[in-house]
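Reader: Could you walk me through how to read helices, contacts and backbone angles in a model like this one?
Author: Gladly. Let's put the model in front of us and begin.

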Amino acid sequence: MQSNAALEYDYSLAKKFTFLTILFGILGMIVGTLIAAQLAFPELNYLLGEYGTFSRLRPVHTNTVIFGFTVSGIFATWYYLGQRVLKVSMAESKFLMVLGNIQFWLYFIGALAATVSLLLGFTTAKEYAQYEWPFDIVVVLIWVLWGVNMMGLIGIRREKALYISVWYYLACFLGIAMLYLFNNMEIPTYFTSGGLGNPLHSVSMYAGTNDALVQWWYGHNAVAFGFTVPIVGMIYYFLPKESGQAIYSYKLSLLSFWGLMFVYLWAGSHHLLWSTVPDWMQTMGSAFSVVLILPSWGSAINMLLTMKGEWNQLTDNPLIKFMVLASTFYMLSTIEGPIQAIRSVNAIAHFTDWIPGHVHDGVLGWVVFMIMAGIFHMAPRMFKREIYSKKLMEAQFWLQTTAVVLYFTSMWIAGITQGMMWRAVDEYGNLMYSFIDTVTVLHPYYAIRALSGVMYLTGFLMFAYNIYKTMTSGRELTQEPQFRTPMA
Amino acid sequence: MFFHWLEKNPFFFAAGISLVISFAGLIEIVPNFAKSAQPLVDMKPRTVLEIAGKNVYMKDNCMSCHSQMIRPFKSETDRYGDYSLSGEYAYDRPFLWGSKRTGPDLHRIGNYRTTDWHEAHMLNPPKIVPGSIMPAYDHQFENEADLDTAYAEVVTVKNVFHTPYGPEIKKGQAAWDAHKPKVLEDAKKIAADMKDERVKSAIAEGKVPEVVALIAYLNSLK
């Protein structure tokens with residue numbers, strides 16, 4: 001069609017999902033900050049009556065940041081970079097555009113309704129899979145719509161070889177589809193009891209230890225295919241595009257990708273160490289968690305080496321800073337995870353605040369930083385305007401980096417303190433501390449964590465403001481920037 | 001080269017990913033599946049009231065702060081009682097092990113806490129345990145427990161998963177109407193040890209507050 005001229009890409013879907021990313025990011029982080037503060041200051045549990053307790057809000061936080069913020073970010077970046085690496089515009093297919101719009105609206109309405117259902121207390125109780133069965137069906141529909149859209153775009157592509165990012169998005173689609181389906185197998189009780197009780201209620205297809213195994217095979221790998229795989233896909237696109245550097249090593253990408261695909265799934269049972277799950281499964285989970293360092297660090301090192309000889313960009317382009325820091329946090333969190341998966345360490349770490357600490361250095365430092373970097377890179381190209389303020393971006397970077405460091409250091413200390421206190425015995429072998437002693441001692445760390453939440457949320461609001469101003473009053477661009485994102 | 005070919009053939013690429021990611025589940029989860037969750041000998045499934053309480057436990061998401069998994073360490077068996085066995089969970093749908101102990105483990109709380117302790121504690125945790133950061137659950141004294149749904153769940157697990165309930169547990173409104181007095185009787189026994197006026201008057205009207213069902217469930221954790 002257009003042989004010489006650059007393709008005119010259609011960013012309408014990418015823009016819509018970008019707005020949702022920011023919206024759900026703000027909502028999810030507000031709730032997160034509130035529940036962090038509740039642990040330090042329990043009076044905050046009573047702001048919204050029955051609906052405002054830590055326990056009711058915690059799944060609202062996790063599901064909003066996972067299925068709201070991160071998944072929107074995945075969709076937004078896919079609808080931007082998918083077209084570009086496949087060299088085909090969304091606008092070339094009416095069918096795909098209609099499908100994408102149905103996906104968007106179904107997703108938006110579904111996400112809001114599902115959040116309300118959690119607030120009201122309808123839950124299957126399995127972590128990150130709490131939605132009751134009607135919402136599960138909506139999730140599956142949305143996911144299939146996205147899959148069909150992705151396959152469709154791949155079907156009409158001009159660039160025959162699939163770029164590395166596409167591998168990862170494809171894996172994200174397939175992995176989540178498999179995990180979500182199997183873990184959410186449940187039977188609605190209304191239909192099997194002759195029409196009694198609440199139609200939303202269901203029971204799990206699996207019981208006890210089996211249910212736990214399926215759940216953590218899911219829980220761990222939802223992190224793999226939601227928080228790792230697509231985010232690696234993003235950095236493989238955005239870092240070379242922003243820096244103008246080619247990916248350091250194709251072979252390393254190959255090894256990391258297929259290694260990650262094979263190894264990740266085995267590690268789920270490290271969530272169940274010392275539980276009633278058969279021993280050999282626990283050992284497998286532990287061992288594969290350590291092996292997992294290889295493909296994870298493979299990707300991260302590939303990214304850092306891509307910047308080889310160009311480290312000066314770090315000083316003058318804040319966007320590069322975001323991405324390099326994201327890779328670094330990815331390395332930190334993928335070495336920390338395997339350490340926690342070692343049995344003797346897990347005996348102390350499990351059930352403590354070290355676990356949320358680990359999760360958050362991964363998500364705040366890696367996932368959110370990378371998604372924000374992606375949006376900063378896309379904004380001038382989607383809206384044809386310069387980024388509104390470089391200074392604001394710098395300030396945001398340092399504020400949020402400090403926040404992440406405060407978060408994980410306070411939770412490391414809190415977790416190890418509590419884990420050690422639970423097992424401490426006096427000279428006669430009696431337990432030294434009652435449980436409540438191990439709770440009150442955590443107050444300062446909970447307060448620090450709440451503060452870090454406020455800081456991170458503030459940084460995110462600065463990001464949202466910067467993007468809003470970019471859209472409305474950034475200097476207009478006549479030509480699309482090739483590499484480095486222009487900013488005022 | 002194989003990978004260059006693969007990267008130009010999305011169908012085979014996707015098939016390759018699917019194959020590689022399904023290995024772990026097939027080898028690690030499937031083989032042991034049925035065997036690892038056999039019930040202990042003579043173990044009874046929970047009553048309708050206890051299931052209603054389990055649903056309150058889920059609704060207010062107690063598992064976000066409390067585990068039900070006593071690990072085989074002396075420090076844990078000293079604190080909470082015997083370590084947990086797989087068979088004890090055989091009728092639990094879903095499993096409620098939790099993943100975080102902001103509060104203590106509850107797997108054997110029925111052994112060392114009583115109905116009146118729970119009542120006072122749910123109304124004002126820091127009063128009973130100074131320094132506690134657990135919020136009060138006053139609304140559980142106001143809201144009615146959803147017994148219909150609990151019965152529907154019991155019927156479902158009996159018919160679909162062959163959980164060993166008696167012949168009186170049957171599909172349909174008539175069977176439920178016949179069984180309900182037994183459930184209310186169970187609730188009365190719990191409420192007899194409670195002081196709250198709201199609970200007393202609800203029970204007198206044939207209603208069961210959430211907190212009564214919850215305590216029945218907690219008492220069954222042994």
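What follows is a friendly talk through some features of this predicted model.

Reader: Let's begin with the two chains. How many residues does each chain bring to the contact?
Author: Chain A gives 73 residues, and chain B gives 73 residues. On the side of chain A that touches chain B, helix H7 (residues 208-243) of chain A gives the most, with 8 residues. By class, that side of chain A has 41 nonpolar, 24 polar and 8 charged residues.

Reader: How should I read a pair of packed helices?
Author: Two packed helices are described by the angle between their axes and the distance between those axes. A case that joins the two chains is helix H5 (residues 164-183) of chain A with helix H2 (residues 10-28) of chain B: their axes come within 10 Å and cross at roughly 45 degrees. That angle makes H5(A) oblique to H2(B). The crossing of H5(A) and H2(B) is right-handed.

Reader: Which residues of H5(A) and H2(B) meet?
Author: From H5(A) come Leu170(A), Ala171(A), Leu174(A), Gly175(A) and Met178(A), and they meet Phe13(B), Ala14(B), Ile17(B), Ser18(B), Ile21(B) and Ser22(B) of H2(B). Sorted by class, this contact has 8 nonpolar, 3 polar and no charged residues.

Reader: And a pair inside one chain?
Author: Try helix H8 (residues 250-264) and helix H10 (residues 293-306), both of chain A, which pack at an angle of about 150 degrees with their axes 8 Å apart. Angles over 145 degrees count as roughly antiparallel, and H8(A) and H10(A) are therefore roughly antiparallel to each other. H8(A) passes H10(A) in a left-handed crossing. On the H8(A) side, the contact is made by Leu252(A), Ser253(A), Leu255(A), Ser256(A), Gly259(A), Leu260(A) and Val263(A). On the H10(A) side, Leu294(A), Pro295(A), Gly298(A), Ser299(A) and Asn302(A) take part. The contact of H8(A) with H10(A) has 6 nonpolar, 6 polar and no charged residues.

Reader: How can I check the length of a helix?
Author: Compare the span expected at 1.5 Å a residue with the distance between the end C-alpha atoms. Helix H3 (residues 48-59) of chain B has 12 residues and should span 16 Å; its end C-alpha atoms are 16 Å apart, which agrees. For the 15 residues of H8(B), the expected span is 21 Å and the ends are 20 Å apart, which agrees.

Reader: Are those two helices mostly covered or mostly open?
Author: H3(B) is mostly covered, with 12 of its 12 residues buried. The buried residues of H3(B) pack against helix H7 (139-142), helix H8 (147-161), helix H9 (173-191) and helix H11 (210-220) of chain B. H8(B) is mostly covered as well, with 12 of its 15 residues buried. Among the buried residues of H8(B) are Leu147(B), Asp148(B), Tyr151(B) and Lys158(B). Those buried residues of H8(B) pack against strand E1 (186-188), helix H6 (189-192) and strand E2 (202-204) of chain A, together with H3 and H9 of chain B.

Reader: What should catch my eye in the backbone angles?
Author: Most residues other than glycine have a negative phi, and most peptide bonds are trans. Here, H3(B) is followed by Asn61(B), with a positive phi near 55 degrees. Asn61(B) sits in the loop between H3 and H4 of chain B and is buried, with 23 other C-beta atoms within 10 Å. Just after H8(B), His162(B) takes a positive phi of about 60 degrees. In chain A, Ala125(A) has a positive phi near 75 degrees. Ala125(A) belongs to the loop between H3 and helix H4 (133-155) of chain A, and with 24 C-beta neighbours inside 10 Å it counts as buried.

Reader: Which peptide bond is cis?
Author: The bond from Arg93(B) to Pro94(B) is cis, with omega near -5 degrees. Pro94(B) lies in the loop between helix H4 (74-80) and helix H5 (115-123) of chain B.

Reader: One last case: how do I read sequence distance against distance in space?
Author: Take Asn101(A), in helix H3 (residues 94-119) of chain A. Asn101(A) and Leu145(A) are 44 residues apart in sequence and 9.7 Å apart in space, C-alpha to C-alpha. With 14 C-beta neighbours inside 10 Å, Asn101(A) counts as partly exposed.

Notes:
Residues are numbered from 1 along each chain as its sequence is written. Chains are lettered from A and ligands numbered from 1 in the order in which they are written. This is a predicted model: local features need pLDDT of at least 70, side-chain atom pairs count only at pLDDT 80 or more; totals for chains, interfaces and linings use all residues. Helices (H or I, at least four residues) and strands (E, at least two) are DSSP runs, numbered from the N terminus. The expected span of a helix is 1.5 Å times one less than its number of residues. A residue is buried if 20 or more other C-beta atoms lie within 10 Å of its own, exposed if 12 or fewer, and partly exposed in between; C-beta atoms are placed from the backbone. Two residues are in contact if their C-beta atoms, placed from the backbone, lie within 7 Å. Ala, Val, Leu, Ile, Met, Phe, Trp, Tyr, Cys and Pro count as nonpolar, Asp, Glu, Lys and Arg as charged, and the others, Gly among them, as polar. Axes are lines fitted to C-alpha atoms, for helices over the stretch in contact, and angles run from 0 to 180 degrees between N-to-C directions. Angles under 35 degrees count as roughly parallel, over 145 as roughly antiparallel, 65 to 115 as roughly perpendicular and the rest as oblique. A crossing is left-handed if the near helix is turned anticlockwise from the far one by less than a right angle, and right-handed if clockwise.
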